[in-house]
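Work through the exercises below with the sequence and the structure at hand. Each task is followed by a worked solution.

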Amino acid sequence: MTEEAKLQEFEARVNRGDKVEPGDWMPEDYRKNLIRMISQHAHSEIVGALPEGTWIPYAPNFKRKMALIAKVQDEVGHGQMLYKAAETLGVSREEMINDLLMGRATYSNVFNYPAETWADVAIIGWLIDGAAIVNQTKLLLGSYGPYARAMERICYEEGFHLKQGYDAICEMMAGTKNQRDLVQDALNRWWWPIMMFFGPRDKDSVHSAQLMRWKVKIKSNDELRQEFLGKFVPKIRAFGLVIPDPELRYDEEKGEWLFTEPDWDEFKRVIRGNGPMNKERIAVRRLAHDEGRWVREALERFVEEGKMA
Ligand code: 3HC
């Protein structure tokens, strides 16, 4: 078959909703873009555990501590599942992690901001994991089998992450004025990074056209952002919280949320390594990687010896 005929057959398959499996013929651009996207997702899961992980020793009580430990443990597990999915495309975990540590790969913008109070931990669980669920429930329907199947477990566990965050918000909003003020302060700081979480506007998206053509992305960045706003703005306002965007409103005629344009220069600065916490996040990630080397080497030797036995 000519390359053109293979491409036509591939596109007919993904348009039918078939899953592409490791070893199937796939366009090289499909493979490369999936490695980029899945490895970034994996990096984001593990780096994303850092802002919350720092709060485990300071959780306000044993129940919150246990829930946060379970969530952080889940996130690291999600990262491992996603590295595994990316490895099926012919890239090694070591390569992916070196790309991250050398600044050649990025991770989600939101994890480069500091979690200043316990209210940040609650907002992260409720709204960032809520945004992740909006995104990841569509990736579940994606064309690449190992990625879509990893989403099944990840989406299930994200449901718990959202609930524990929302439960903490409910408790704080039913608490003292100081607690309510802490939640409002956290919302003020996290709202705009969350608005950028879904990526640049569709007109500025580099990869969406190809990823949507080959059914890796089912919804565009703007469609996901609109879905998030529709799901969460009414809930946020029901608490009496004020979203720090005076332009935010639902336009019945257009059938969409109107909002102030996020600061895409900040977005570019942050994803290029110049956010408030980028350097610290990568330093911690590098430390863990270096200090865990002996475990990886011991496992490799164990596997080698097992093969030779
Ligand atoms: N943070 C960092 N970089 C981002 C970004 C974000 N929020 N959104 C977009 N970008 C980058 C893209 O990677 C691309 O840069 P690159 O060419 O150097 O990779 C550039 O901005 C242009 O963006 P595009 O719209 O062209 O990129 P995509 O088509 O890949 O769309 C995306 C961006 C929507 C984030 C998509 O990659 C995606 O859905 N990824 C999988 C989901 C994911 O990675 N989520 C991260 C969070 S994990 C998490 O939420 C943990 C949870 O427990 C909280």
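The exercises go from the whole chain to its core. The model is predicted: local features need pLDDT of at least 70, side-chain atom pairs count only at pLDDT 80 or more, and totals for chains, interfaces and linings use all residues. Residues are numbered from 1 along each chain as its sequence is written, and side-chain values use heavy atoms, with hydrogens and water left out.

**Exercise 1.** Describe the secondary structure and the compactness of the protein chain.

*Solution.*
1. The protein chain has twelve helices and two strands; these are DSSP runs, with at least four residues (H or I) for a helix and at least two (E) for a strand, numbered from the N terminus.
2. Along the sequence the order is α-α-α-α-α-α-α-α-α-β-β-α-α-α.
3. The radius of gyration, taken over C-alpha atoms, is 21 Å, close to the 19 Å that the globule rule gives for 309 residues, so the chain is as compact as a globular protein of that length. That rule is 2.2 Å times the number of residues to the power 0.38.

**Exercise 2.** Characterise the largest nonpolar core.

*Solution.*
1. A nonpolar core is a set of buried Ala, Val, Leu, Ile, Met, Phe, Trp, Tyr and Cys residues joined through side-chain atoms within 4.5 Å; buried means under 20% relative accessible area (1.4 Å probe, protein chains only).
2. The largest such core has 84 residues, and Trp191 and Phe228 have the most contacts (heavy atoms within 4.5 Å) inside it.
3. Helix 5 gives the largest share of this core, 14 residues.
4. Not counting residues up to four places away in sequence, Phe228 touches Leu127, Ala131, Val134, Trp191, Ile194, Phe198 and Val233.

Terms used: Buried means under 20% relative accessible area, exposed over 50%, partly exposed in between (1.4 Å probe, protein chains only).
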